[in-house]
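Work through the exercises below with the sequence and the model open. Try each task before reading its solution.

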Amino acid sequence: MDEVELRQATPADAAAIRQLTRAAYAKWVPLSGREPKPMTADYDAAVHIHRFDLLYLEGDLAALIETVDEGDVLLVENVAVALARQGRGLGTRMLALADEMARSQGKRRVRLYTNQLWAENIRLYLKLGYVIDREEDVRPGLVRVQMSKPLA
């Protein structure tokens, strides 16, 4: 059984967040033709204005979720899992954490967005109870799929 630690990030975690996120999203570069937004984000600034929850397995950062308070909605800005840990349900676990946080804060919905080309992500989110709210043409070659999940 893996030793699990879940904690909220501090500014000192920005470099580790950046490293995990860049590695996790690198698989999308060939499909997208560019680095996705989470690969280029300024995590030194983001850790001061967004909430990051970090999941460690046996001392190694294995997954993270970045959330933003939007009043009655919690936005999942980023969920990333280390390459060696993908396919083990950690992303799903982090999304369940976002649901728990949103409920405890009295929020009515959780929302997120993803690239239309990333079909496996869309399938996962649909399986987890998210619905597609709309699709947005951001620029040529980028359609953003906005999704949300109502909370009971």
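The exercises cover the cores, the pocket and several single residues of this predicted model.

**Exercise 1. The largest nonpolar core**

Task: State how many residues the largest nonpolar core has, which of them have the most contacts inside it, and which elements supply at least two residues.

Solution:
- Step 1. The largest nonpolar core has 24 residues, and Ile65, Val76 and Tyr130 have the most contacts inside it.
- Step 2. At least two residues of this core come from each of strands E2 (51-57), E3 (60-69), E4 (73-81), E5 (109-115) and E7 (142-150), and from each of helices H5 (90-104) and H6 (119-127).
- Step 3. H5 supplies the largest share, seven residues.
- Step 4. Take Val76 as a case: leaving aside neighbours within four places in sequence, Val76 is in contact with Ile65, Glu66, Thr67, Leu95, Ala98, Val110, Arg111, Leu112 and Tyr130.
- Step 5. A second core, separate from the one above, has 19 residues, including Ala24, Val47, Phe52 and Trp118.

**Exercise 2. The largest pocket**

Task: Describe the largest pocket by its volume, the residues nearest its centre, and the class make-up of its lining.

Solution:
- Step 1. The volume of the largest pocket is about 830 Å³.
- Step 2. Its lining consists of 42 residues, and those nearest the centre are Tyr25, Trp28, Val79, Asn121 and Tyr125.
- Step 3. Sorted by class, the lining of the largest pocket holds 20 nonpolar, 10 polar and 12 charged residues.
- Step 4. Elements that each supply at least two lining residues are helices H1 (14-25), H3 (37-40) and H4 (43-49), together with E4, H5, E5, H6 and E7.
- Step 5. E4 contributes the most to this lining, with six residues.

**Exercise 3. Lys107**

Task: Is Lys107 buried or exposed, and which backbone oxygen lies 2.5 Å from a polar atom of its side chain?

Solution:
- Step 1. Lys107 sits in the loop between H5 and E5.
- Step 2. Its relative accessible area is 8%, and the cut-off for buried is under 20%, so Lys107 is buried.
- Step 3. The oxygen belongs to Gly71: its backbone oxygen is 2.5 Å from a polar atom of the Lys107 side chain.
- Step 4. Not counting residues up to four places away in sequence, Lys107 touches Asp69, Gly71, Asp72, Val73, Leu74, Ala102 and Leu151.

**Exercise 4. Val4 and Tyr56**

Task: Assign an exposure class to Val4 and to Tyr56, and give the separation of their C-alpha atoms.

Solution:
- Step 1. Val4 is in strand E1 (residues 4-8), and Tyr56 is in strand E2.
- Step 2. Val4 has 39% relative accessibility and therefore counts as partly exposed.
- Step 3. Tyr56 has a relative accessible area of 12% and is therefore buried.
- Step 4. Val4 and Tyr56 are 52 residues apart along the chain, and their C-alpha atoms are separated by 5.7 Å.
- Step 5. Beyond residues up to four places away in sequence, Val4 touches Leu55, Tyr56, Leu57 and Arg93.
- Step 6. With the same exclusion, the contacts of Tyr56 are Glu3, Val4, Glu5, Arg7, Asp13, Leu61 and Ala62.
- Step 7. The side chains of Tyr56 and Arg7 are joined by a polar contact of 3.0 Å.
- Step 8. For Tyr56 and Arg18, 38 residues apart in sequence, the C-alpha to C-alpha distance is 15 Å.

**Exercise 5. Two loop residues**

Task: Locate Glu58 and Arg88, and give the exposure class of each.

Solution:
- Step 1. Glu58 is placed in the loop between E2 and E3.
- Step 2. Glu58 has a relative accessible area of 47%, so this residue is partly exposed.
- Step 3. Most residues other than glycine have a negative phi. Glu58 is not a glycine, yet its phi is positive, at about 50°.
- Step 4. Arg88 is placed in the loop between E4 and H5.
- Step 5. Arg88 has 54% relative accessibility and so counts as exposed.
- Step 6. The Arg88 side chain reaches the backbone oxygen of Ala84 at 3.4 Å.

**Exercise 6. Thr114**

Task: Which residues is Thr114 in contact with, leaving aside its neighbours within four places in sequence?

Solution:
- Step 1. Thr114 lies in E5.
- Step 2. At 5% relative accessibility, Thr114 counts as buried.
- Step 3. The contacts of Thr114, with those neighbours left aside, are Asn121, Ile122, Tyr125, Val143, Arg144 and Val145.
- Step 4. Two of these contacts, Asn121 and Tyr125, are also among the residues nearest the centre of the largest pocket.

Note on methods:
Residues numbered from 1 in each chain as written. Predicted model: local features only at pLDDT ≥ 70, side-chain atom pairs only at ≥ 80, totals over all residues. Heavy atoms only, no water. Core = buried A, V, L, I, M, F, W, Y, C linked by side-chain atoms within 4.5 Å. Buried < 20%, exposed > 50% of the residue type's maximum accessible area, 1.4 Å probe, protein only. Helix = DSSP H or I, 4+ residues; strand = E, 2+ residues; numbered from the N terminus. Contact = heavy atoms within 4.5 Å. 1 Å grid on protein atoms, 1.4 Å probe; cavity = no way out; pocket = protein on both sides within 12 Å on 5 of 7 lines; lining within 4 Å. Points joined across faces, edges and corners; volume = space filled by probe spheres on them. Nonpolar A, V, L, I, M, F, W, Y, C, P; charged D, E, K, R; others polar. Polar contact = N/O pair within 3.5 Å; in protein donor to acceptor, adjacent residues only side chain to side chain.
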